[in-house]
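User: I am new to this structure and would like to know how its labels are justified. Please take me through the reasoning.

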Amino acid sequence: MASQSDPAAGFSLIETLVALFVIALISTAAGSMLLDTLRASDRVDASADAIRDLEVATGLMRSDFGAMTRRPSTAPDSYVPPAGPIGNDGRRDGVVLAFVRGGWADYSSEESLRSDLMRVEYHRLGDTLVRRAYGAPDPTVRTQMVEKVLLDQVNDLSVRYYVGGAWSDVWETAPREIAPVLPDLIEVDVTLEDGRRLSQKLIAGGIAR
């Protein structure tokens, strides 16, 4: 019979169980570290996507507001007379801003150029901020429209207008006004559900005044 110290005797049951227990602990720790790494990577990717969304939203607003014109416009398929730009405080669902901007000349046509004016609308739809751009200042049912969700998971939205030396929550122009007064500044303050905040004051009509 082999003695306990004889190598030929192999491992005892207790030694085998201890080894398996140690291996299980190491595997569990390694798996936990891997999951933590994957979760951290997902959080970094989500944060990077959110930052890109804020940058895109900021860039489009800066471009749109800077190219804002005084031209009256009709809403899509509307039969009412053209009205000047409108601006609301953004706290309720619906149109936040509607105006005509320039600077989008289309040189793709061989014989004629499309107007460089287009109607742009910003809508609050629940917890999303949506931009709609129409290929004409007075769009019809056949006018091309591009819709883009600028921000989602919007917890709070506030828009103010600096007109005539004072801030106002609403920007209104008189009906049939040919050359309405543009705000000097438009302040947009957005708070997302995760706590991130976008706050900026942008020049309105700086390009097209």
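Analyst: What follows is a set of questions about labels, each answered from a predicted model.

User: Why are Phe-65 and Phe-99 called an aromatic pair that is edge-to-face?

Analyst: The search of the whole structure finds four aromatic pairs. In the pair of Phe-65 and Phe-99, the rings are 6.1 Å centre to centre, with 70 degrees between the planes. Ring centres must lie within 6.5 Å to pair, and planes over 60 degrees apart count as edge-to-face, so both labels apply.

User: What makes this a link between distant parts of the chain?

Analyst: Phe-65 belongs to helix α1 (residues 13-66) and Phe-99 to strand β2 (residues 94-101), with the two 34 residues apart. Phe-65 and Phe-99 also form one aromatic cluster with Tyr-122.

User: Why is Phe-65 called buried, and why Phe-99?

Analyst: Phe-65 has a relative accessible area of 1%, and Phe-99 likewise has 1%. Buried means under 20%, so the word fits Phe-65 and Phe-99.

User: Why is Asp-127 described as partly exposed?

Analyst: Its relative accessibility is 33%. That value lies between the limits of 20% for buried and 50% for exposed, so Asp-127 is partly exposed. Asp-127 is placed in the loop between β3 (118-125) and β4 (128-134).

User: How do you know that Asp-127 meets residues from elsewhere in the sequence?

Analyst: Neighbours within four places in sequence are left aside, and Asp-127 is still in contact with Leu-151, Asp-152, Gln-153, Val-154 and Glu-193. For Asp-152, the separation from Asp-127 is 25 residues in sequence and 5.8 Å in space, C-alpha to C-alpha.

User: What makes the charged end of Arg-160 sit over the ring of Trp-167?

Analyst: The charged end of Arg-160 is 4.6 Å from the ring centre of Trp-167. The distance limit is 6 Å, so that part of the test is met.

User: Why are β1 and β5 called edge strands?

Analyst: Five strands form an open sheet in the order β1-β2-β3-β4-β5, with antiparallel pairing. Strands β1 (86-87) and β5 (145-151) each pair on one side only.

User: How do you know that β2 and β3 pair?

Analyst: Seven bridges join β2 to β3, and the two run antiparallel. A pairing needs at least two bridges, so β2 and β3 qualify. Within this pairing, Leu-97 stands opposite Tyr-122 in β3.

User: What lies between β8 and β9 in their hairpin?

Analyst: Four residues lie between β8 and β9, and Gly-195 in the turn has a positive phi of about 100 degrees.

Note on methods:
Residues numbered from 1 in each chain as written. Predicted model: local features only at pLDDT ≥ 70, side-chain atom pairs only at ≥ 80, totals over all residues. Heavy atoms only, no water. Phe/Tyr/Trp six-rings, centres within 6.5 Å; stacked < 30°, edge-to-face > 60°. Buried < 20%, exposed > 50% of the residue type's maximum accessible area, 1.4 Å probe, protein only. Lys NZ or Arg CZ within 6 Å of the ring centre and 35° of its normal. Contact = heavy atoms within 4.5 Å.
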